[in-house]
Amino acid sequence: MRKPLVLTAAATAGAAAIGLFLVVTAQAGTATSKAPVEQLSLMSRQQTQADHLPAFVSAGTEVGDLVAADTTRRLGSSGAGTHWSGVDAEGRLCLITVIGDQEADFVAGASCAEPSDFAGQGVGLQVAGPPGASEAYLLPDGVPAAQLGDGYTVVAPNLVLSDPAAAETGPRGVTGASGAFTLSDLSPTVAR
């Protein structure tokens, strides 16, 4: 089930207002109750400076306030933005995307999934705004991302990207270290 949520935020004094566009996806998956660190081993490594969200995102925005600051881990960057994982107060695994690198001109979004849902389908997120658009998927450990096929770019072992404007394709299934995994594309979006 997908639940869209649109967030807005105002920039600090002297800067133009920005919009945060967020598409949250809750995806049904297999029944498992593994803790986030058991499904995403990078969560167990020591947090470095690069793992922190940018100050303009973490300081009082809906996205920054969603996850505990000490749980964020940088997944990687692409032309479409920078991506982090994190854990929210309810213990859900979250994918965070920030497009743009200035307080006056950025868009950010986050999407979270229960550990039981994350194990079978990961978590997907589309973010779109004036600086650009991104469609990213956070995968649990052991999912053979390269086997998902055409249309996905592997950025890191737990992160794949897709073209946010591409036509939606049917679910793609692969067998990973923890069993069956199905990735379902999000509906196409365009930058706002």
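Which side chain does the side chain of Gln126 make a polar contact with? The partner is Glu135, whose side chain makes the contact at 3.0 Å. Welcome to this predicted model. The protein chain has 192 residues, with 4 helices and 12 strands. The points below begin with the whole chain, then move to its cores, its disulfide, its paired strands and a few single residues.

**The chain as a whole**

- Of the 192 residues in the protein chain, 48% count as buried.
- The accessible surface of the protein chain comes to about 8,600 Å², and carbon and sulfur atoms account for 54% of that surface.
- Take the contacts in the protein chain between residues at least 6 apart in sequence: 56% of these join residues at least 24 apart.

**The nonpolar cores**

- As a general background, nonpolar side chains tend to be buried together in soluble globular proteins.
- The largest nonpolar core here has 19 residues. Those that touch the most other members are Leu40, Leu75, Leu95, Phe118, Val123, Leu138 and Leu159.
- Five elements give two or more residues to this core: strand 5 (93-102), strand 6 (105-113), strand 7, strand 8 (132-138) and strand 10 (159-162).
- Another core lies apart from this one. It has 13 residues, and among them are Leu53, Val63, Val67 and Cys94.
- Leu75 is a good residue to look up in the viewer. Leaving aside neighbours within four places in sequence, Leu75 is in contact with Leu42, His83, Trp84, Ser85, Leu95, Leu138, Ala156 and Leu159.

**The disulfide**

- The structure holds 1 disulfide, and Cys94 and Cys112 form it, with their sulfur atoms 2.0 Å apart.
- Cys94 lies in strand 5 and Cys112 in strand 6, so the link ties together parts that are 18 residues apart in sequence.
- The link of Cys94 and Cys112 is right-handed, with 100° about the S-S bond.
- Are these two cysteines buried or exposed? Cys94 is buried, with a relative accessible area of 0%, and Cys112 is buried too, at 6%.
- Cys94 also belongs to the core of 13 residues.

**Strands 8, 9 and 10**

- Strand 10 runs antiparallel to strand 8, and 4 bridges join them. Tyr137 has Val160 of strand 10 as its bridge partner.
- Strand 10 also runs antiparallel to strand 9 (residues 153-156), and 3 bridges join that pair. Here the bridge partner of Val154 is, once again, Val160.
- How many residues stand between strand 9 and strand 10 in their hairpin? There are 2 residues between them.
- In a regular strand the side chains alternate between the two faces of the sheet.
- In strand 10, Leu159 and Leu161 point one way, while Val160 and Ser162 point the other way. All four of these residues are buried.
- Leu159 appears in the largest core as well, among the residues that touch the most other members.

**Strands 3 and 4**

- Strand 3 (residues 73-78) and strand 4 (residues 81-87) run antiparallel, and 5 bridges join them.
- These two strands form a hairpin with 2 residues between them.
- Arg74 has Trp84 of strand 4 as its bridge partner. Trp84 is also one of the contacts of Leu75.

**Strand 7: Gln126 and Gly124**

- Gln126 is found in strand 7 (residues 123-129), and this residue is buried, with a relative accessible area of 4%.
- Besides its polar contact with the side chain of Glu135, the side chain of Gln126 reaches the backbone oxygen of Ser187 at 2.4 Å.
- Gly124 has its place in strand 7 as well. At 0% relative accessibility, Gly124 counts as buried.
- Gly124 and Ala113 are 11 residues apart in sequence, and their C-alpha atoms are 9.1 Å apart in space.

**After strand 12: Ser184**

- Ser184 is found in the segment after strand 12 (179-183).
- Why does Ser184 count as buried? Its relative accessible area is 18%, and buried means under 20%.
- Ser184 and Pro171 are 13 residues apart in sequence, and 4.3 Å separates them in space, C-alpha to C-alpha.

How values were computed. Residues numbered from 1 in each chain as written. Predicted model: local features only at pLDDT ≥ 70, side-chain atom pairs only at ≥ 80, totals over all residues. Heavy atoms only, no water. Buried < 20%, exposed > 50% of the residue type's maximum accessible area, 1.4 Å probe, protein only. Polar contact = N/O pair within 3.5 Å; in protein donor to acceptor, adjacent residues only side chain to side chain. Core = buried A, V, L, I, M, F, W, Y, C linked by side-chain atoms within 4.5 Å. Contact = heavy atoms within 4.5 Å. Disulfide = S-S within 2.5 Å. Pairing = 2+ DSSP bridges. Areas by Shrake-Rupley, 256 points an atom, 1.4 Å probe, with all protein chains shown as cover.
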